[in-house]
Amino acid sequence: MNLWRSTSPAHPGWPLPVGPLRVPGGVVGLRPVRLRDAAQWSRIRLADRAHLEPWEPTGRGSWEARNHASNWPALWSSLKAEARRGAMIPLVIEVDGSFSGQLTIGNIVRGALRSAWIGYWVAKDL
């Protein structure tokens, strides 16, 4: 079974979920980001500030402001637009069905170069 088969010729691998995979910590899966992820995204990021902030790029405003649930719709919209364009694959990491982090494959370049970057964050208490 090819999990990365294309549902769109412009973007192979989007928006198909990946997994689940059973590991000692639970059942892990990846799925596309959803607008309704706002509350869980914000709750984890605010609670795990000390764990996440050292690794995050510097942004405008306070940590609380940047990670408030009200910021998720704009971020979600941007992630989805880049995914539809074929330049990004934004995914939620779920453990036992619960939002537990995010994995993003970005700056996807096809053709001879075939490159991308991967960024992720995971809730501290997993």
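Which strand is Pro20 found in? Pro20 sits in strand β1, which runs over residues 18–23. Hi everyone, let me use that proline as our way in. Please keep in mind that we are looking at a predicted model.

The bond leading into that proline deserves a moment. Gly19 and Pro20 are joined by a cis peptide bond, with omega at about 10°. As background, most peptide bonds are trans, and most residues other than glycine have a negative phi. Hold on to the second half of that, as we will come back to it.

Now let's step back to the whole chain. The protein chain has 4 helices and 5 strands. If you read along the sequence, the pattern goes β-β-α-α-α-α-β-β-β. Of the 126 residues in the protein chain, 37% are buried. And here is a number about how the chain meets itself: take contacts between residues at least 6 apart in sequence, and 47% of them join residues at least 24 apart.

Let's go to helix α1, residues 38–47. Its buried residues are Ala38, Trp41, Ser42, Ile44 and Arg45. What do they pack against? The list is α2 (49–52), α3 (63–66), α4, β4 and β5.

Take Ser42 from that helix. Is Ser42 buried or exposed? Its relative accessibility is 6%, and buried means under 20%, so Ser42 counts as buried. Leaving aside residues up to four places away in sequence, Ser42 touches Asn67, His68 and Ala69. Ile44, with the same kind of sequence neighbours left out, touches Phe99, Ser100, Trp121 and Ala123. Arg45 has a charged end, and that end sits over the ring of Trp121, 5.0 Å from the ring's centre.

Next stop, helix α4. Here is a little check you can do yourselves. The helix has 14 residues, 72–85, and at 1.5 Å a residue it should span 20 Å. Its end C-alpha atoms are 20 Å apart, so the expectation and the model agree. If you try the sum, remember to multiply by one less than the number of residues.

Which residues of α4 are buried? They are Trp72, Leu79, Lys80 and Ala83. Looking down the helix axis, these buried residues fall within an arc of 95°, so they line one face of the helix. The face turned away from that buried side carries the exposed residues Ala74, Arg84 and Arg85. As for partners, the buried residues of α4 pack against α1, β3 (88–95) and β4 (98–109). After the helix comes Gly86, which has a positive phi, near 90°.

On to the aromatic rings. How many aromatic pairs does the structure hold? There are 2. One is formed by Trp41 and Trp72, a tilted pair at 5.1 Å centre to centre, with 40° between the planes. This pair links distant parts of the chain, as Trp41 is in helix α1 and Trp72 is in helix α4, 31 residues apart. Both of these tryptophans are buried.

Phe99 and Trp121 form another tilted pair, at 6.1 Å centre to centre and 40° between the planes. Phe99 lies in strand β4 and Trp121 in strand β5 (residues 115–122), so this pair ties together parts that are 22 residues apart in sequence. Phe99 and Trp121 are both buried as well.

You will recognise some names in the next part, the nonpolar cores. The largest core has 13 residues, and those with the most contacts inside it are Val33, Trp41, Ile44, Trp72, Leu79, Phe99 and Trp121. α1, α4 and β3 each supply at least two residues of this core. Which element gives the most? That is α1, with 3 residues. There is also a second, separate core of 8 residues, which includes Leu30, Leu91, Leu103 and Ile108.

Finally, back to phi, as promised. Asn107, in strand β4, is a residue other than glycine with a positive phi, near 50°. Arg114 also has a positive phi, near 45°, and is not a glycine. You will find Arg114 in the loop between β4 and β5. Is Arg114 buried or exposed? Its relative accessibility is 67%, and exposed means over 50%, so Arg114 counts as exposed.

That's my tour, thanks for listening!

Methods
Residues are numbered from 1 along each chain as its sequence is written. This is a predicted model: local features need pLDDT of at least 70, side-chain atom pairs count only at pLDDT 80 or more; totals for chains, interfaces and linings use all residues. Side-chain values use heavy atoms; hydrogens and water are left out. Buried means under 20% relative accessible area, exposed over 50%, partly exposed in between (1.4 Å probe, protein chains only). The arc is that of the directions from the helix axis to the C-beta atoms. Contact means heavy atoms within 4.5 Å. Rings of Phe, Tyr and Trp (its six-membered ring) pair if their centres lie within 6.5 Å; planes under 30 degrees apart count as stacked, over 60 as edge-to-face and the rest as tilted. A charge sits over a ring if NZ of Lys or CZ of Arg is within 6 Å of the ring centre and within 35 degrees of the ring normal. A nonpolar core is a set of buried Ala, Val, Leu, Ile, Met, Phe, Trp, Tyr and Cys residues joined through side-chain atoms within 4.5 Å.
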